[in-house]
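This briefing introduces one protein structure to a reader who has not met it before. Please look over the sequence and the model shown here before reading the points that follow.

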Amino acid sequence: MYSVIEISPKVFWVGGNDRRLERFENMFPLPNGVSYNSYLIGDEKTALIDTVDASISALYLENVTHVLGDRKLDYLVINHMEPDHCANIEEIVRRYPDVKVVGNKKTFQFFEQYYSLDLSSNYMEIQEGDELKLGDHTLRFYFAPMVHWPEVMFTYEVSKGILFSADAFGSFGALSGNIFADETDFENAFLDESRRYYANIVGRYGMQVQAALKKVSTLEINMICSVHGPIWRKNLAYLLDKYDKWSRYIPEQKGIVLFYASMYGNTENVMNVLANKLAMRGIQDIRMYDVSKTHPSYIISDVWKYSHMVIASPTYNMHLYFVMDALLREMSALGLKNRKVSLIGNHTWSSAALKVMQVIISTMKNVELVGTPLDIRSSLKPEQDADVDALADAIYASLSEQ
Ligand code: FEO
């Protein structure tokens, strides 16, 4: 049966959830599922904003049919052409053949790359700032290229101040009836998953996110409707502040994440010794991960959150342990910057890990090395205790700086 929620007079959430999907984009684990949000405005003219992933097509089409009743669909606005939002465009046009498909030049280019049905007679190409009057509601379009693809646009509903923001302000995590962020315990239920979504999906495009935020900063925004995760109608400043920090690569808070690769537990042991020393100096909320166990998206999310990190890895095949190598290169590709890093290598006969880590870290802007890197030979010995103490002191001093 249909399952819709009226989020503002005549504006309906017609999306749905997928709790079965193992990995988003076949890469990122979804322990709490994901929502695909779509919105339908039923004014004098009707407008559907984005569609959903193929996995929930049946419910989605029932939702749309239910809200429209015997009315026709006048407009289908495509804010984003990624298939998790576009899988139902063809079916919508089959059902409502007179619908105008609203997008920009790139939208239609991507549509034709992904799909084969010729919809060119349905195209309504808009330009930045164009408006579409639906009755009481008016849609205005703002291009937001690379948040997260080049064709992305935001659709702003002028009368109520609703920003339909495509992937921006999205989150992993299915919606459990409470589709508004203020109806959830957001900090416990969604904040980590919002950050993990941002850092891993949109993280590379901080500059473009900043440009988009600036573009809409003069608008009166009362509600933010992303294509994933909860809808925001209260305390928007909280969300905007998070997005501003994340997209400027500014840590949310001082704190430290330790992550290591370890084949036989010796590098892990160094990290445990160091973590205990940090704790004894009063450092709290220490996070530690084994890169072979924890999916990189969680580590990247914490690296986005905290100011400091310690990275430890053995040499492997005269190189950096491959799992760590992939993680650090991913961080670099995501454009991570403005962090403080301490490094620990481990090797038995030939040291490579520490050098490769230094090379990868040097590709990140404004990443400062804290303390003297340690290079362990196979396992930590009591005579190196002073070196670990010195590293703990340096990290403590750096974390204590204002
Ligand atoms: Fe949820 Fe970039 O698509």
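A residue is called buried when its relative accessible area is under 20%. The model discussed here is predicted. The points below take up one strand and its partners, then a pocket, and finally a single arginine.

**Strand β21 and its cover**
- Strand β21 spans residues 339-347 and is mostly covered.
- Of the nine residues in β21, eight are buried.

**Partners of strand β21**
- Strand β19, made up of residues 306-316, runs parallel to β21 and is joined to it by seven bridges.
- Within this pairing, I311 has L343 in β21 as its bridge partner.
- Strand β22, residues 367-369, is also parallel to β21, and three bridges join the two.
- In that pairing, V341 stands opposite L369 of β22.
- Between β21 and β22 the chain passes through helix α12, residues 353-361, and the resulting β-α-β crossover is right-handed.
- Strand β23, residues 374-377, is joined to β21 by four bridges, and these two strands run parallel.
- Here I344 stands opposite L374 of β23.

**The largest pocket**
- The largest pocket holds about 330 Å³ of space.
- Its lining consists of 17 residues, and those nearest the centre of the pocket are M263, P314, T315, H347 and T348.
- Helix α9 (266-280), strand β19 and strand β21 each contribute at least two residues to the lining of this pocket.
- Strand β19 provides the largest share of the lining, namely three residues.
- By residue class, the lining of the largest pocket comprises eleven polar residues, six nonpolar residues and no charged residues.

**Arginine R196**
- R196 is located in helix α6, which covers residues 191-202.
- Residues under 20% relative accessible area count as buried, and R196 is therefore buried, as its value is 1%.
- The side chain of R196 reaches the backbone oxygen of P29 at 2.7 Å.
- The side chain of R196 also makes a polar contact of 3.0 Å with the side chain of S297.

**Points to retain**
- Strand β21 has parallel partners in β19, in β22 and in β23.
- Both β19 and β21 take part in lining the largest pocket.
- R196 is a buried residue whose side chain has a polar contact with that of S297.

Conventions
Residues numbered from 1 in each chain as written. Predicted model: local features only at pLDDT ≥ 70, side-chain atom pairs only at ≥ 80, totals over all residues. Heavy atoms only, no water. Buried < 20%, exposed > 50% of the residue type's maximum accessible area, 1.4 Å probe, protein only. Pairing = 2+ DSSP bridges. Right-handed = clockwise from strand over helix to strand, strands pointing away. 1 Å grid on protein atoms, 1.4 Å probe; cavity = no way out; pocket = protein on both sides within 12 Å on 5 of 7 lines; lining within 4 Å. Points joined across faces, edges and corners; volume = space filled by probe spheres on them. Nonpolar A, V, L, I, M, F, W, Y, C, P; charged D, E, K, R; others polar. Polar contact = N/O pair within 3.5 Å; in protein donor to acceptor, adjacent residues only side chain to side chain.
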